Amino acid sequence: MSQDPDQAKKLQELLKLLSLSNGDTSKLTVQQRKKFEEYKFWRTQPVARFDEKVDNEGPIDSSRTPADIPSEPYPLLKEFEWCTVDITNPQELEDVFVLLNENYVEDQDATFRFNYTREFFNWSLKPPGWHKEWHVGVRIRDSGRLVAFISAIPVTLKVRGKEVKSVEINFLCIHKKLRAKRLTPILIKEITRRVNKCDIWQALYTAGVVLPSPIAVCRYAHRPLNWSKLHEVGFTALPANASKTQMIAKYTLPKGTDTPGLRAMKYEDVDQVFDLFNAYQDRFDLVQVFTKEEFKHWFLGADTVIYSYVVETEGKITDFVSFYSLPFTVLNNPMYKELGIGYLFYYASDADLGFDDRFDPAATSTLKKRLNHLISDVCIIARDLKMDVFNAMSCQDNTLFLDDLKFGPGDGFLNFYLFNYKAFPISGGLTDDNSFDVKNRSNVGVVML
Ligand SMILES: CC(C)(COP(=O)(O)OP(=O)(O)OC[C@H]1O[C@@H](n2cnc3c(N)ncnc32)[C@H](O)[C@@H]1OP(=O)(O)O)[C@@H](O)C(=O)NCCC(=O)NCCS
């Protein structure tokens, strides 16, 4: 398609405006954002402005105690009522399941949507220490129908070495018919109230949209495992100058894994893996600190959802890797109903632990080799589990293998936010032009579902 020169120039300017121009994370996104003052809700919350210079890391407002927090929920319009969703009750779990399956993130053409399962909710919403009151719903008073949901789970974060008692907010969802009615701020205020009542004042959350102000920005990456199916459902286009046969050949993985000692993780491994994991995570600026009990839950707690593996050599565990399964429902396709999707979760390796500096060229090279091998094998395992695509983010040390293992950069970015906590920007594994930053990697060591 030809373009007139003026139009081409405008497009160039627009792209430039939207692209990264310096190391400031406020520019670290190709997505458009409003001016801070235009965020009618977020400008009233304890979050950093886009242009704010951070001098000291720490809480923004630490003046309140649980006694200062109202005991009653925020008022809602009379047609609606608050509820605490009891997800141990099958009927209530079903309500969340239906709401999210029908209304959670969809691509713009509405071809795919997440297919959350009961097992997935049980795993993600009921980690040790979970609070029933933090599964917050809004129902229509007359019919009892669940039309909105938001959740929090307790976590301990470590931000540049400082432990922060916190929650992770997830699964915010409003029924499609109730969008753009300012219900989100009310849900956020209500969950904040319930969390504050338990004397917790900080939160970690992620969003595709830009809000004030991302602490890190990561990019999605996709590794096709079953290219023909992805192409047939419209998930992956056939590039110009390539044939289907070439694409299939490009993404064909070896028949079986070849890392000696690679096997499923067992309960007996937990002590060793826990130590290896903590030693590895120490390199990142933003991590979740797991208790051993939490560790067991997150890595061995749900058979068809979380898959964890270790590499054992002569009784010693040298590597650990995990991924979770969250399929997509394929809408309006006569051939396929579901797309199997694996998501890389946490991993650890002792490859570079003997080095003081993870950026030492020898450390980089040894870890890069190890991870390439390990993640390639994980892709093979995922393929054998009938997954069609394997996703990873640009966080952790992932940029060491993303390009080599044919993970293509996705369209989506994930912004990381801290509520009521100021922190210096953390690199999300992206260069100025949003490609994967192999040299500097990422200092984000937390993976959100
Ligand atoms: C995300 C969702 C709840 C937003 O609802 P909405 O009806 O568009 O927005 P509302 O009118 O209720 O509220 C608008 C306010 O919420 C903010 N907001 C929108 N999406 C948000 C998000 N994901 N996280 C936090 N705040 C968000 C807006 O910035 C706006 O506040 P502002 O005036 O300060 O800018 C809704 O689109 C949805 O359910 N989407 C599908 C699920 C989803 O994407 N969940 C979020 C995953 S991160």
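Here are some short exercises, each with a worked solution, on the predicted model shown above.

**Exercise 1. The surroundings of the ligand**

Task: Find how many residues surround the ligand, and describe what kinds of residue they are.

Solution:
- Step 1. Start with the count: the ligand has 23 residues around it.
- Step 2. Pick out the closest ones, which are K34, I174, A180, R182 and T184.
- Step 3. Sort the shell by character. It holds 15 nonpolar residues, three polar ones and five charged ones.
- Step 4. Ask which parts of the chain contribute. At least two shell residues come from each of β6 (162-174), α4 (183-197) and β7 (203-207).
- Step 5. Look for the largest share. Helix α4 provides it, with four residues.

**Exercise 2. Backbone atoms beside the ligand**

Task: Which residues place a polar backbone atom beside an oxygen atom of the ligand, and at what distances?

Solution:
- Step 1. Begin at K40, where a backbone N or O atom is 3.2 Å from a ligand oxygen.
- Step 2. Move on to K181, which has a polar backbone atom 3.3 Å from an oxygen atom of the ligand.
- Step 3. Finish with L183, whose backbone N or O atom is 3.0 Å from a ligand oxygen.
- Step 4. Now consider how well the ligand is covered. Its area when taken alone is 870 Å², and the protein buries 81% of that.

**Exercise 3. A salt bridge between partly exposed residues**

Task: Decide whether R64 and D61 form a salt bridge, and say whether each residue is buried, partly exposed or exposed.

Solution:
- Step 1. Recall the idea behind the pairing: side chains of opposite charge can pair when their charged atoms come close.
- Step 2. Check the distance. From N to O, the side chains of R64 and D61 are 3.5 Å apart, and the cut-off for a salt bridge is 4 Å, so this pair counts.
- Step 3. Classify R64. Its relative accessible area is 38%, so R64 is partly exposed.
- Step 4. Classify D61. With 26% relative accessibility, D61 is partly exposed as well.
- Step 5. Place the pair in context: the count for the model comes to 25 salt bridges.

**Exercise 4. One glutamate, two arginines**

Task: Explain how E190 can pair with R193 and with R194, and say how accessible these residues are.

Solution:
- Step 1. Take R193 to begin with. Its closest N atom is 2.9 Å from the closest O atom of E190, in a salt bridge.
- Step 2. Look at the spacing. R193 and E190 are three residues apart in helix α4, so about one helical turn separates them.
- Step 3. Turn to R194. Here the salt bridge with E190 has its closest N and O atoms 2.8 Å apart.
- Step 4. Check this spacing too. E190 and R194 are four residues apart in helix α4, so the separation is again about one helical turn.
- Step 5. Compare accessibility with the cut-off, since buried means under 20%. R193 is buried at 8%, E190 is buried at 0%, and R194 is buried at 11%.
- Step 6. Elsewhere in the chain, R283, D352, R358, D397 and R441 are joined into one network by salt bridges that share partners.

**Exercise 5. Buried side chains that reach a backbone**

Task: Which backbone atoms do the side chains of N103 and Q281 meet, and where do these two residues sit?

Solution:
- Step 1. Locate N103: it belongs to helix α2 (residues 90-103).
- Step 2. Check its accessibility. With a relative accessible area of 5%, N103 is buried.
- Step 3. Find its partner. The N103 side chain comes to 3.1 Å from the backbone nitrogen of K176.
- Step 4. Locate Q281, which is part of helix α7 (residues 270-281). Q281 is buried, at 5% relative accessibility.
- Step 5. Find the partner of Q281. A polar atom of its side chain is 2.8 Å from the backbone oxygen of G445.

**Exercise 6. An annotated domain**

Task: Describe the make-up of residues 232-447.

Solution:
- Step 1. Read the record. An unreviewed UniProt entry annotates residues 232-447 as "domain: Glycylpeptide N-tetradecanoyltransferase C-terminal".
- Step 2. Describe the fold content: residues 232-447 are 25% helix and 27% strand.
- Step 3. Add the end-to-end distance. The end C-alpha atoms of this stretch are 30 Å apart.

Terms used. Residues numbered from 1 in each chain as written. Predicted model: local features only at pLDDT ≥ 70, side-chain atom pairs only at ≥ 80, totals over all residues. Heavy atoms only, no water. Near = heavy atom within 4 Å. Polar contact = N/O pair within 3.5 Å; in protein donor to acceptor, adjacent residues only side chain to side chain. Areas by Shrake-Rupley, 256 points an atom, 1.4 Å probe, with all protein chains shown as cover. Nonpolar A, V, L, I, M, F, W, Y, C, P; charged D, E, K, R; others polar. UniProt positions renumbered as here; feature names shortened; annotations may be inferred. Buried < 20%, exposed > 50% of the residue type's maximum accessible area, 1.4 Å probe, protein only.
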